[in-house]
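Hi,

Here is the structure I promised to pass on. Have a look at it first, and then read on for what turned up.

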Amino acid sequence: MIKNNLLLFAFFVLGFSSNSYSQAHLMPAQKTFKVAILAPLYLDSVFDEGKLKNKKSLPRFIMPGVDFVQGAMIAFDMIDVDGKKVEARIFDSKSTKTPVSSIIRNKQLDGTDLIIGSVRDPEYSQLASYAVRNNVPFVSATYPNDGGIRKNPNLIIVNPTLQANIDAIYSYILQKHGTDNIYLVKQKNDKRIENYFKAANTSEGKALLKINTINLDSSISTYGLRRMLDTSKQVVIIGASLDETFSAKLADAIYPIGKNNPIMYIGMPNWDGFRSFLKKDGYPDFPIYFTTSHMDVQKNQYKDYLVDQYFTKYRAKPTDVAYKGFEVAYYFTQILLNHPQDFMEHINDDKYAPFHKFNFRPVNLNNTDSIPDYFENKHLFIMKILNGEITNL
């Protein structure tokens, strides 16, 4: 299996040595729409003069970028161009020989109609700056951060920021659990998430929810926590931490209390990657909730095509990152093909969405500015982990 994967990966790299991928079975067209895909492939770390450095295994850290690009490639195969031509160019955002700064400086992105990146800083900021200077849409596909970017109406953030996730949690609790006993539990001296909740709770001028804050250190006990909770009615505990160790210790303390008292434990968008929460026998019959912008889609023609083509090409099931690569490449390229003159006005067109809807809203961090700082996807789902399985609420 390792050998087959290496051969497939080598074919993938060699096949894209020209950084170009054009749609097959094309009809003559007046314009070629150019899409740039950037992802961290780390090819310089894997290959030396066109040969694999390690013929026995591939480093795991390269796989998210590879999966993203492979999903995007399959999306381009599925797109019905209807007489139009799409040229997708693949760039390794972590190339040491031709970094993103060099790609921009050498004008390799010039003439591009759409940039899609699974990148983080510094490449994220470099691409955002290029996008606003050249008036080209830049879709940040996976980075849940605005990177300090301001006044950039060409930046589209698909993976919502932490603040957007917290706004979604707050809205859910307000609507569904507004009269319950609500506690925000955090580590001492970690005020970031607490401040986001305070901002959401006072956005109308006064606090709409009574949220009790509990500060804990590294030692969390069921006995100590139980004494801080009023369990006379439903309790909602917000795990205000991105740290797995703290969040898991808090779950360990809550679980025994939840056996005899109604408790909802809800937390952050990265909790879906916490191994301790995904163990089947970790917290039997005790649900843990979190937010996400991407959930497992129900069976449809797009999912069937991706799964079938991914297995045919790579003898594997597509990962979550491959799904994201397919989704953003298909969705935004379709918008480009059908609305090249007013692309930004159609970024919420549901008919192009292969898996689920988006809700891109302009974000103005300074309310006096008329120019959006960026557009951010505000469509979030509340998910449930129960007995190691993730489902939607």
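One thing I liked straight away is Lys31, which sits over the face of Phe33, 5.2 Å from the centre of the ring. Do keep in mind that this is a predicted model.

Staying with rings for a moment: searching the whole structure gives 22 aromatic pairs. One aromatic cluster brings together Tyr255, Tyr265, Trp271, Phe274, Phe277, Tyr283 and Phe286. Tyr265 from that cluster also turns up in the strand pairing, where it stands opposite Ile288 in S13.

That brings me to S13 itself. This strand covers residues 288–292, and five of its five residues are buried. Both of its faces are covered: Ile288, Phe290 and Thr292 are buried on one side, while Tyr289 and Thr291 are buried on the other. As for its neighbours, S12 (residues 263–266) runs parallel to S13, and two bridges join them. With S16 (residues 381–386), S13 pairs in the antiparallel sense, over five bridges. Ile288 is worth clicking on: its bridge partner in S16 is Ile385, and Tyr265 is the residue opposite it on the S12 pairing.

The loop between S12 and S13 holds Asp285. Its phi is near 60°, a positive value in a residue that is not glycine. Most residues other than glycine have a negative phi. Is Asp285 buried or exposed? With a relative accessible area of 63%, Asp285 counts as exposed, because the cut-off for that is over 50%.

Next, the helices towards the end of the chain. H10 takes in residues 301–314, and at 1.5 Å a residue its 14 residues should span 20 Å; the end C-alpha atoms are indeed 20 Å apart. The buried residues in H10 include Tyr302, Lys303, Leu306, Gln309, Tyr310 and Tyr314. These cover an arc of only 145° around the axis, so they lie on the same side of H10. The spacing makes sense, as an α-helix has 3.6 residues a turn, so residues three or four places apart point the same way.

Both ends of H10 have something to look at. At its start, a side-chain oxygen of Asn300 comes to within 3.0 Å of the backbone nitrogen of Tyr302. Just after H10 comes Arg315, with a positive phi of about 55° although it is not a glycine. Arg315 is in the loop between H10 and H11.

H11 (residues 320–338) has 19 residues and reaches 27 Å from its first C-alpha to its last, close to the 27 Å expected at 1.5 Å a residue. H11 is mostly covered, with 15 of its 19 residues buried.

Two last items from earlier in the chain. Asp121 and Pro122 are joined by a cis peptide bond, with omega at about 10°, and Pro122 sits in the loop between strand S6 (114–117) and helix H5 (123–134). Then there is Phe68, in helix H3 (residues 63–78). Why does Phe68 count as buried? Its relative accessible area is 0%, and buried means under 20%, so Phe68 qualifies. Phe68 and Ile156 are 88 residues apart in sequence, and their C-alpha atoms are 17 Å apart in space.

Happy to go through any of this with you.

Cheers

Definitions and conventions. Residues numbered from 1 in each chain as written. Predicted model: local features only at pLDDT ≥ 70, side-chain atom pairs only at ≥ 80, totals over all residues. Heavy atoms only, no water. Phe/Tyr/Trp six-rings, centres within 6.5 Å; stacked < 30°, edge-to-face > 60°. Lys NZ or Arg CZ within 6 Å of the ring centre and 35° of its normal. Helix = DSSP H or I, 4+ residues; strand = E, 2+ residues; numbered from the N terminus. Expected span 1.5 Å × (residues − 1). Buried < 20%, exposed > 50% of the residue type's maximum accessible area, 1.4 Å probe, protein only. Arc of directions from axis to C-beta. Polar contact = N/O pair within 3.5 Å; in protein donor to acceptor, adjacent residues only side chain to side chain. Pairing = 2+ DSSP bridges.
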